[in-house]
Amino acid sequence: MIALKKTLTEPQQLDNIDLHNSKRADFLQEVIEGLEDGILILSQTGEVVHANASAHRLCCQFHQGNFNQNFVPPAIWNLCKSLLNSRYLFSDKLLILSDEIVLDKLNIFRIRVRLLDLDGFEAPCLLVTIENQYESVKNAALTEVKKFDLTPRESEIWFLYRSNYSYKEIATKLYITINTVKKHMKNIHTKRQANMSYN
């Protein structure tokens, strides 16, 4: 975890501030570790300064189970290098680069990289966030299932639909006909319209 220290002139205040900063650092550590998104903080040379549990798990997934603590997946490091190379062109603006890593239909990750130039650090670091889009869609679909009061079968179909499955793919995956999928989708859209007219 990255911690910044402030210096004060009175020793009593310094003790109180250190305790406060320590609790704050512990709190921030808990928050970062609890995030579903992966958080990587890298040096400009590609060394891992910090990786939360999600980032570690996702990087293992990118490497089929082999994640060296100091090795950043090439797709992520290439995006970081692009940011480092272009930062001089846009030095007066906050620059965030974004890309996707697609492993398969259910494993699509949005990668975002930005430069962190914090006081107290010799050189800026790179902040990398890794969002599992499948999990994001799943969470949105779960919220919509409750909001629209969908049946269990409608929920299955809606989740696949929100995950960009075609009607034919949904039918194949759930062992039903395309007409059954269409019927359920019509019911789902009716429930959605009814919900929207109440709001």
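Let me start with helix H3, where the buried residues are Ile-76, Trp-77, Leu-79, Cys-80, Leu-83, Leu-84 and Ser-86. Please keep in mind throughout that this is a predicted model. When we ask what covers those buried residues of H3, the list includes strand E1 (38-42), helix H2 (53-62), strand E3 (96-104), strand E4 (107-116) and strand E5 (125-132). The spacing of the buried positions can be read with a general point in mind: an α-helix has 3.6 residues a turn, so residues three or four places apart point the same way. As for the length of H3, which covers residues 74-86, its 13 residues should span 18 Å at 1.5 Å a residue, and the end C-alpha atoms are indeed 18 Å apart, which agrees.

Helix H2 comes next, since it is part of what covers H3. In H2, the buried residues are Ser-54, Ala-55, Leu-58, Cys-59, Cys-60 and Phe-62, and they pack against H3 as well as against E1, E2, E3, E4 and E5. H2 lies across those five strands, and it runs at about 90° to E1.

That brings me to the sheet itself. In what order do the strands of the open sheet stand? There are five of them, in the order E2-E1-E5-E4-E3, and the pairing is antiparallel. Strand E2 (48-51) and E3 stand at the edges with a single partner strand each, so one side of each is left without a neighbour in the sheet. On average, and ignoring direction, neighbouring strands of this sheet are turned by 20° against each other.

Let me walk along the sheet, beginning with E1, which is mostly covered, as five of its five residues are buried. Gly-38, Leu-40 and Leu-42 point one way from this strand, while Ile-39 and Ile-41 point the other way, and all of them are buried. On the E5 side, E1 pairs in the antiparallel sense over five bridges, with Ile-39 standing opposite Thr-129 in E5. On the E2 side, three bridges join the two antiparallel strands, and Leu-42 has Val-48 as its bridge partner in E2. E1 and E2 also form a hairpin with five residues between them, and Gly-46 in that turn has a positive phi of about 95°. Further along the sheet, E3 and E4 pair in the antiparallel sense over eight bridges, and here Ser-98 stands opposite Arg-112 in E4.

Two buried residues outside the strands deserve a closer look. The first to consider is Pro-124, found in the loop between E4 and E5. Why does Pro-124 count as buried? Its relative accessible area is 18%, and buried means under 20%, so Pro-124 falls within that class. Leaving out residues up to four places away in sequence, Pro-124 touches Gln-44, Arg-87, Leu-115, Leu-116 and Asp-117. Pro-124 and Ser-43 are 81 residues apart in sequence, and yet their C-alpha atoms are 7.5 Å apart in space.

The other residue is Gln-133, whose place is in helix H4 (residues 133-148). Gln-133 is buried too, with a relative accessible area of 19%. Setting aside its neighbours within four places in sequence, Gln-133 is in contact with Glu-100, Ile-108 and Arg-110.

Now for two residues in loops between helices. Is Asp-149, in the loop between H4 and helix H5 (152-162), buried or exposed? Asp-149 is exposed, with a relative accessible area of 61%, and its phi is near 55°, a positive value in a residue other than glycine. Tyr-175, which lies in the loop between H6 and helix H7 (178-198), also has a positive phi, of about 60°, although it is not a glycine. Tyr-175 is exposed, with a relative accessible area of 80%.

I would like to finish with confidence. The chain averages a pLDDT of 79, and 83% of the residues score at least 70. Among the elements of the chain, helix H6 (residues 167-174) has the highest mean pLDDT, 94, and helix H1 (residues 11-34) the lowest, 64. Over residues 1-17 the pLDDT stays under 50, and for this stretch the model has 15 contacts beyond four places in sequence. Where pLDDT is low, the predicted coordinates should not be read in detail.

Note on methods:
Residues are numbered from 1 along each chain as its sequence is written. This is a predicted model: local features need pLDDT of at least 70, side-chain atom pairs count only at pLDDT 80 or more; totals for chains, interfaces and linings use all residues. Side-chain values use heavy atoms; hydrogens and water are left out. Helices (H or I, at least four residues) and strands (E, at least two) are DSSP runs, numbered from the N terminus. The expected span of a helix is 1.5 Å times one less than its number of residues. Buried means under 20% relative accessible area, exposed over 50%, partly exposed in between (1.4 Å probe, protein chains only). Contact means heavy atoms within 4.5 Å. Two strands pair if DSSP finds at least two bridges between them. Axes are lines fitted to C-alpha atoms, for helices over the stretch in contact, and angles run from 0 to 180 degrees between N-to-C directions. pLDDT is the predictor's confidence in each residue, from 0 to 100.
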